[in-house]
Amino acid sequence: MTIDTHHINFAVGPVPIEEEIAAVGGEVIPYFRTAEFSALMKENEALILDAMQAPEGARAVFLTGSGTAAMEAAVLGLYGENDRLLIVNGGSFGKRFCEIASLHKIPYEEISLPFGQPLTKEDLLPYENGGFTAFLVNMGETSSGVLYDMALISDFCRRNSLSLTVDAISTFLADPVEMARWSADAVLTGSQKALATAPGVSVIALSPRAVLRIEATEPKSYYLDLRSALKNGERGQTPYTPAVGILIQINKRLNQLKEMGFDAPVKRTKALADYFRRGIANYPFTVATDAMQNGVTPLKMRGELSAHRLFEILMAEYGIVICPNGGPTRDTHFRVGHIGYHTEEEYDKLFRAFDDLMARGIL
Ligand SMILES: *Cc1c(COP(=O)(O)O)cnc(C)c1O
């Protein structure tokens with residue numbers, strides 16, 4: 001069985017990986033309980049904290065598991081039955097935080113937003129002095145493409161003395177992440193989004209306050225135990241066998257980004273998004289939100305064609321993968337990603353495919 005890997009991939013993860021970084025994935029996997037690998041992991045931690053503009057004394061742990069592992073580990077490690085979480089639920093990733101809290105019986109309330117709507121000052125008003133202890137938000141709600149106003153959220157958290165956990169899985173390196181400025185306790189990301197490495201590793205950056213909280217709390221999960229991850233991380237190790245190859249890939253990528261400056265990928269993503277958004281005006285799609293993250297453009301079909309059918313046709317007949325929506329917007333919306341190793345020429349090819357579909361009377 002072989003899978004065609006020559007599609008142009010506009011999905012929002014896994015994203016296209018630069019050749020030099022992808023090549024690392026093909027190398028022989030070394031043994032990892034070594035001083036050399038420990039040094040690499042310490043470097044990964046320092047670089048990712050730097051890229052997240054983390055405060056002095058912050059720590060980062062690398063988990064073997066996709067982004068959702070980081071979401072669950074952060075909730076379990078930082079919060080418990082004595083907390084009252086306030087969760088922004090504007091799509092499938094906000095819903096995921098709610099489901100994690102619900103499964104683990106951590107009290108929460110959700111701010112339920114209509115699909116594609118940003119969070120406003122007015123939305124937060126009813127929750128001022130509401131007796132909450134923590135605020136959880138997906139900085140970019142990737143399912144709708146909405147970017148939430150982090151200044152608004154961090155002000156609200158400061159005013160109400162709330163611990164803040166930010167899922168920056170699709171925004172880290174695509175929109176500015178400023179952990180210290182937001183006074184965030186946890187910021188999450190994953191290897192297969194704008195970091196543009198293979199899927200399988202997720203990261204949690206923790207404020208000094210969060211580290212203390214974790215160290216003082218009994219773990220509630222064996223594998224996702226952050227206390228043990230932090231302890232092992234002190235010597236550049238992980239409790240169990242990590243995704244060694246991906247961590248080496250991440251190291252190469254972070255060093256590459258450090259050389260360019262960590263704002264370089266943000267600028268690049270924004271430039272690609274702008275290029276695409278300028279070009280899209282000629283086609284029967286409507287941009288589905290006013291508050292877009294740089295990493296993805298959400299689009300709503302204006303014509304009859306199902307968005308999911310468009311995804312199938314583009315893949316089968318043009319070798320192009322757009323990002324399909326799921327759930328109730330499966331047939332009305334689709335998304336085009338801008339994170340990963342993309343070029344303007346790739347978007348030109350997508351535009352030519354749209355032109356062709358219009359000429360054929362399909363679009
Ligand atoms: C991709 C993503 C996740 C994690 O999804 P996984 O499939 O578990 O990696 C979580 N939150 C957001 C906002 C995402 O974009």
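How much area is buried between domain 1 and domain 2, and what part of it do carbon and sulfur atoms give? I began my notes with that question, and since the model is a predicted one, I treat every value below as computed from the prediction.

**Entry 1: the two domains**

I looked up the buried area and found about 2,000 Å² between domain 1 and domain 2, with carbon and sulfur atoms giving 64% of that area. On the side of domain 1, I noted that Phe262, Gln293 and Ile339 lose the most area to domain 2, and that together they account for 36% of what that side buries. For the bounds, I wrote down residues 8-14 together with 262-359 for domain 1, and residues 19-260 for domain 2. Taken over C-alpha atoms, the centres of domain 1 and domain 2 are 26 Å apart, and I recorded 23 residues of domain 1 in contact with 29 residues of domain 2.

I then went through the polar side of this interface, where the rule finds 0 salt bridges between domain 1 and domain 2, while it does find 8 residue pairs in polar contact, with both residues of each pair at pLDDT 80 or more. I also asked which elements of domain 1 supply at least two residues each to the side that touches domain 2, and the answer was α11 (264-279), β12 (296-301) and β15 (333-337). The largest share of that side comes from α11, with 4 residues. Sorted by type, the residues of domain 1 that touch domain 2 come out as 12 nonpolar, 10 polar and 1 charged.

**Entry 2: Ser143**

Next I turned to Ser143, which I found in the loop between β6 (140-141) and β7 (146-147). Is Ser143 buried or exposed? Its relative accessible area is 10%, so I entered Ser143 as buried, the cut-off for that word being under 20%. I followed its side chain to two partners: the backbone nitrogen of Ser92, reached at 3.1 Å, and the side chain of Glu141, with which Ser143 makes a polar contact at 2.6 Å. Setting aside neighbours within four places in sequence, I listed the contacts of Ser143 as Gly91, Ser92, Phe93, Phe115, Asn325 and Arg335.

**Entry 3: helix α6**

I read helix α6, residues 150-159, from end to end. At its N-terminal end I found Asp149 as the cap, with a side-chain oxygen 3.1 Å from the backbone nitrogen of Ala151, and following the helix I came to Ser161, whose phi is positive, near 50°. Within α6, I marked Met150, Leu152, Ile153, Ser154, Phe156 and Cys157 as buried, and among the elements that cover these buried residues I noted β3 (85-89), α5 (121-124), β5 (134-138), β8 (163-167) and α7 (179-182).

The helix also holds a salt bridge, between Asp155 and Arg158, whose closest N and O atoms are 3.4 Å apart. I checked their spacing and found both in α6, 3 residues apart, or about one turn of the helix. An α-helix has 3.6 residues a turn, so residues three or four places apart point the same way. Both partners are partly exposed, Asp155 with a relative accessible area of 40% and Arg158 with one of 44%.

**Entry 4: other salt bridges**

I counted 17 salt bridges in the structure, and looked up two more of them. Glu218 and Arg227 meet through their side chains at 3.7 Å, N to O; Glu218 counts as exposed at 58% relative accessibility, whereas Arg227 counts as partly exposed at 29%. For Glu317 and Arg360 the N to O distance is 2.8 Å, and this pair links distant parts of the chain, with Glu317 in helix α12 (residues 307-318) and Arg360 in the segment after α13 (344-359), 43 residues apart. Glu317 is partly exposed, with a relative accessible area of 43%, and Arg360 counts as partly exposed at 43% as well.

**Entry 5: Cys323**

I closed with Cys323, which I found in strand β14 (residues 323-324) and entered as buried, with a relative accessible area of 9%. Its C-alpha atom is 9.1 Å from that of Gly13, although Cys323 and Gly13 are 310 residues apart along the chain. Beyond its neighbours within four places in sequence, Cys323 is in contact with Phe10, Ala11, Val12, Phe334 and Arg335.

Terms used: Residues numbered from 1 in each chain as written. Predicted model: local features only at pLDDT ≥ 70, side-chain atom pairs only at ≥ 80, totals over all residues. Heavy atoms only, no water. Domains from an automatic or database assignment. Contact = heavy atoms within 4.5 Å. Buried area = accessible area lost by both parts, 1.4 Å probe. Salt bridge = Lys/Arg side-chain N within 4 Å of Asp/Glu carboxyl O. Polar contact = N/O pair within 3.5 Å; in protein donor to acceptor, adjacent residues only side chain to side chain. Nonpolar A, V, L, I, M, F, W, Y, C, P; charged D, E, K, R; others polar. Buried < 20%, exposed > 50% of the residue type's maximum accessible area, 1.4 Å probe, protein only.
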